[in-house]
Amino acid sequence: MTPTEFFNDAIEAGAVPAGCKLSSAYSLGAPAQSDTLARLVATGEKTATSSRFSGYLQDHDPLPAEGAYDVVVDSHGTPVALTLTTRVEIVPFMAVSAEHAAREGEQPKTLAAWRTVHEAFFAAEAAEAGGHFDPASDNVVLETFKVVYPL
């Protein structure tokens, strides 16, 4: 099933109002982590994510938007959940809260663990794009969402 078909099923099931548009379909994290992270979203344990702000600028991609519907896919591109974005913030990396770190759902759910994992991930992602990630000065995009389909 494609993300568009999954989204249309959600509309037919009444989980999404008719006339709404699918914003995007994406996998979370590095390929080796995407299945685990998708499963955390599907079970409702992961209700937030974060990304490098500079990545959006480099790629000329639009920022996530409140009210957007997105399909989270696994490593094979198979839809696992339809989410509704409820909040988007741009904050310095070092200003991410313990509450946000816990909402990301990865174990252990501590700010220290979140910083360690995400600093390494953002640094690798930036290096791959020919850039640099500085946790002391770079901003991140924090997105909070809820699963609307399937429930």
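How many helices and strands does the protein have? In this predicted model, the protein has 5 helices and 5 strands. Read from the N terminus, these elements follow the order α-β-α-β-α-β-β-α-α-β. The protein is as compact as a globular protein of its length, because its radius of gyration is 15 Å and the globule rule gives a close value of 15 Å for 151 residues. The C-alpha trace extends over about 45 × 35 × 25 Å along the principal axes.

Several totals describe the chain as a whole. Buried residues make up 38% of the 151 residues of the protein. When contacts between residues at least 6 apart in sequence are considered, 69% of them join residues at least 24 apart. The protein exposes about 7,900 Å², and carbon and sulfur atoms account for 55% of this area. Its charged side chains comprise 9 positive and 20 negative ones. The centres of these two sets are 7 Å apart.

One annotated domain is on record. An unreviewed UniProt entry lists residues 26-149 as "domain: ASCH". Within this span, helix accounts for 32% and strand for 29%. The C-alpha atoms at the two ends of residues 26-149 are separated by 15 Å.

Two residues, Phe93 and Ile90, illustrate how parts of the chain that are separated in sequence are placed in space. Phe93 belongs to the loop that connects strand E4 (79-92) with helix H4 (98-103). Phe93 counts as buried because its relative accessibility is 0%, and the cut-off for burial is under 20%. Leaving out residues up to four places away in sequence, Phe93 touches Trp114, Arg115, His118, Glu119, Phe122, Phe133, Pro135, Asp138, Asn139 and Val140. Leu142 lies 49 residues from Phe93 along the chain, and the C-alpha atoms of the two are 9.7 Å apart.

Ile90 is located in strand E4. Is Ile90 buried or partly exposed? With a relative accessible area of 41%, Ile90 is partly exposed, since this value falls between the cut-offs of 20% and 50%. Apart from neighbours within four places in sequence, Ile90 is in contact with Phe53, Leu63, Asn139, Val140 and Val141. Ile90 and Leu63 are 27 residues apart along the chain, with 9.7 Å between their C-alpha atoms. Asn139 and Val140 appear among the contacts of Phe93 and among those of Ile90.

The backbone was also examined for uncommon geometry. Most residues other than glycine have a negative phi, and most peptide bonds are trans. Where do cis peptide bonds occur in this model? One joins Gln107 and Pro108, with omega at about -15°. Pro108 is found in the loop between H4 and helix H5 (111-128). Another cis bond runs from Tyr149 to Pro150, and its omega is near -15°. Pro150 is placed in the segment that follows strand E5 (139-149).

His60 has a positive phi, near 60°, although it is not a glycine. His60 sits in the loop between helix H3 (53-59) and strand E3 (69-73). His60 counts as exposed because its relative accessibility is 73%, and the cut-off for exposure is over 50%. Phe93, which is also in a loop, counts as buried at 0% relative accessibility.

Methods. Residues are numbered from 1 along each chain as its sequence is written. This is a predicted model: local features need pLDDT of at least 70, side-chain atom pairs count only at pLDDT 80 or more; totals for chains, interfaces and linings use all residues. Side-chain values use heavy atoms; hydrogens and water are left out. UniProt positions are given in the numbering used here, feature names are shortened, and annotations may be inferred rather than shown by experiment. Helices (H or I, at least four residues) and strands (E, at least two) are DSSP runs, numbered from the N terminus. The radius of gyration is taken over C-alpha atoms; the globule rule is 2.2 Å times the number of residues to the power 0.38. Buried means under 20% relative accessible area, exposed over 50%, partly exposed in between (1.4 Å probe, protein chains only). Contact means heavy atoms within 4.5 Å. Accessible areas come from the Shrake-Rupley method with a 1.4 Å probe; for residues, only the protein chains shown count as cover. Lys and Arg count as positive and Asp and Glu as negative; His and the chain ends are not counted. The place of a charge is taken as NZ of Lys, CZ of Arg, CG of Asp or CD of Glu.
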